[in-house]
Amino acid sequence: MAETDDKIRCDACPVLCYIRPGMTGACDRYANRNGELVRVDPHILLERTLSDGGEIVPFMTGGREWTGDIVNAPTPFVTAIGAGTTYPDYKPAPFIVSSNIDGVDMVTVVTEGIYSYCGVKVKIDTDRHLGAECATVRAKGEPVGHVTTGEYGSQMLSLGGVNHLTHGGKKEGRVTCETLLDLCNRKAVELTVDNGASVVVEAGKPPIVNGQVEERMRVGCGSATIGMFAKQWHDKVDEVVVVDDHITGVLSEHQAGKLLGARDTGIKMKGRRSTPGRYFHVAAPGTGWGGADISDPLEIVAGFDPKVAWPGLTMLMVSTTGEQHAFYRLDESLKPVEAPLPENLRLSVERIRENCEPALCSVLFMGGAGGSLRAGVTENPVRLTRSVRQALTTVTAGGAPVVIWPGGGITFMVDVTLLPDNAFGYVPTPAIVAPIEFTMRLDDYAALGGHVDHVRPLSDIVERLAKNNAKASAREAPARIKA
Ligand code: SF4
C-alpha cells in the first residue's frame, strides 16, 4: 500500500487503484476507511456443527448464509473468501494458518486467486436444441464462449477462457468477466446462441429456453425409454414410437419388443436405422418433440407396409420426457388418425414423466492455479504441484471440494452451488477472483519450501477475524465507484 495525499494506493492486483477516503477501488473489494486499506467483505470461516460433523455453518460472518457441505475440513476452517490477494506474486499468501487436527500439525494457505485464464462449463438439462456445436454464445451481444459437445440429456456450453477474457476487444473481455462472475455467484444470465436459442442460465435453477421454463430432464433416449417401458405397453397398443432427436425408438422392431413377442407393424421410419428399433436423425435438431424440429410427430413416419400393417392398428407416439404424446389408429387406407389416449396408456405416459428428474443448470468454475498463485504458497512453486499430485496437499475452493485435472499445473473445477454466496469477485484487468485453499501437514509445508515464517496459529486468526467482522458489520458500507 502507498499513499498520495489522502488517497491510498491498493497493490492487491496489477490495476493499482488510488482510493479516496470512504471509497472502494475498481473491483469493490478494497476500500479506504479512514486512511486504512481494508477488504470490504467479511472473511469467511466455516465450522462443523456438533451434531453430525458434516454440515458447515459460517463463522462470524455478519448474517451471510451458507448452504453447502465440505469434505475433510479442519474445525473451524479458514476459507479464502474475503481473505484478500497479495501482489506481486512472490509475496506470501494473505493467510497461512496452522492448526492441530487430531494431534497432527496442519497448515492451510488461503488466498483469493486472480484468474485471467478461467471459465465455466455449463450443463443445461434440456432436449431442446440450443445451437450447433461450436456455435458462438453471446451475452449482451458479445461473444463469451461456444456450444460444446452435447451429453446425455443435456446441452453443454463452454464460456470464458483466456481468448474471450484477453484476446477479444475491451468490451468482449469486460462482458465475459461480468458473465462469468454472475454465473459463479449464482445469478441468472441471459445467453443467446448464434443461429440458435436464447437461454437463461442460473446455477441450480431450471433453464429457460426461448422464454419457456424447462421442467424435466429426459428419462433416457428413445431406445432406452422403449427398453424401460416395453412391458407396460405390450398387449395395450400395437406400436410405440419414442420420438428423440438423438435415438428414436420403435417398439415392434426393438429387442425389448421382440423378446415380449410384439407383432411386426410394417412401420417405415424416416432417418437412418442404426440397429433394429433404433433410428438416428429422424428430423433436424430443434425445440419441438424430443429435441427435434417437429411439432407433428407423424412427420418422422414414412408410412406403413400394406403387406404387414392392418386397419385398426394402434400407435402411441411419445417424447422422451412424456411431455408430448399422441395416440393414433390406422384407417382403411393405413393412414394414422389421431384418437383420444386410452386410459390404460395414460399411466405409462405419466410414468415416463414421473421418472424424469427436474431439469437444472449446473455451473462449474474452472481455473488453473498457475505459477504465480503458487508462489504465494512456496518459494518453489512446482513442489506445490507435486504435493497436490501426491495427495499430500488438499485443494478446496471456498471450503468446497474440487476436481483436479490430470496433467500439468493445478487446474481445478468446482460446483459453484457448493460455495457460500458471493464467493467470487473480479478485477478489471479483467479477471475473476476465486477463493482457493491448500491444506497440508506442517512438516510437508516446510519440506516444499513454504513460507513458514508467515505461519500464524488458527486461534489468533479466529480472534482477529471475529473482531474485524464484528467491526465491519457495524460500519457503514463505503461508497462504490465504477470500474
Ligand atoms: S482493482 Fe481492486 S484489488 Fe485491484 S488494485 Fe483496485 S482495489 Fe485493489
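I began with two residues, Tyr-115 and Phe-365, and found both buried. The model I am reading is predicted.

**Aromatic pairs**

I looked up how the rings of Tyr-115 and Phe-365 meet: their centres are 5.6 Å apart and their planes stand at 75°, so I noted the pair as edge-to-face. Tyr-115 belongs to strand 10 (residues 104–115) and Phe-365 to strand 28, so this pair ties together parts 250 residues apart in sequence.

I then followed Phe-365 to a second partner, Phe-412; this pair is tilted, with 6.0 Å centre to centre and 55° between the planes. Phe-412 lies in strand 32, so the pair with Phe-365 of strand 28 ties together parts 47 residues apart in sequence. For burial, I read a relative accessible area of 1% for Phe-365 and 0% for Phe-412.

I recorded that ring pairs link Tyr-115, Phe-365, Phe-412 and Phe-424 into a cluster. In total I have five aromatic pairs in the structure.

**The sheet**

I next looked up the sheet and wrote down its strand order, 18-17-16-15-12-13-14-11-28-32-31; the sheet is open, has 11 strands and pairs antiparallel. Its edges are strand 18 (212–213) and strand 31 (403–404), each paired on one side only. I checked strand 31 and found two bridges to strand 32 (residues 411–415), running antiparallel. Phe-412 turned up again here, as the bridge partner of Ile-404.

I also saw helix 2 (residues 170–184) packing on the sheet, where the strands touched include strand 13 (142–151); the helix direction makes about 50° with that of strand 13.

**Charges over rings**

I found the charged end of Arg-39 over the ring of Tyr-30, 5.9 Å from its centre. Arg-263 lies over the face of Trp-310, 3.6 Å from the ring centre.

Key: Residues are numbered from 1 along each chain as its sequence is written. This is a predicted model: local features need pLDDT of at least 70, side-chain atom pairs count only at pLDDT 80 or more; totals for chains, interfaces and linings use all residues. Side-chain values use heavy atoms; hydrogens and water are left out. Two strands pair if DSSP finds at least two bridges between them. Helices (H or I, at least four residues) and strands (E, at least two) are DSSP runs, numbered from the N terminus. Contact means heavy atoms within 4.5 Å. Axes are lines fitted to C-alpha atoms, for helices over the stretch in contact, and angles run from 0 to 180 degrees between N-to-C directions. Rings of Phe, Tyr and Trp (its six-membered ring) pair if their centres lie within 6.5 Å; planes under 30 degrees apart count as stacked, over 60 as edge-to-face and the rest as tilted. Buried means under 20% relative accessible area, exposed over 50%, partly exposed in between (1.4 Å probe, protein chains only). A charge sits over a ring if NZ of Lys or CZ of Arg is within 6 Å of the ring centre and within 35 degrees of the ring normal.
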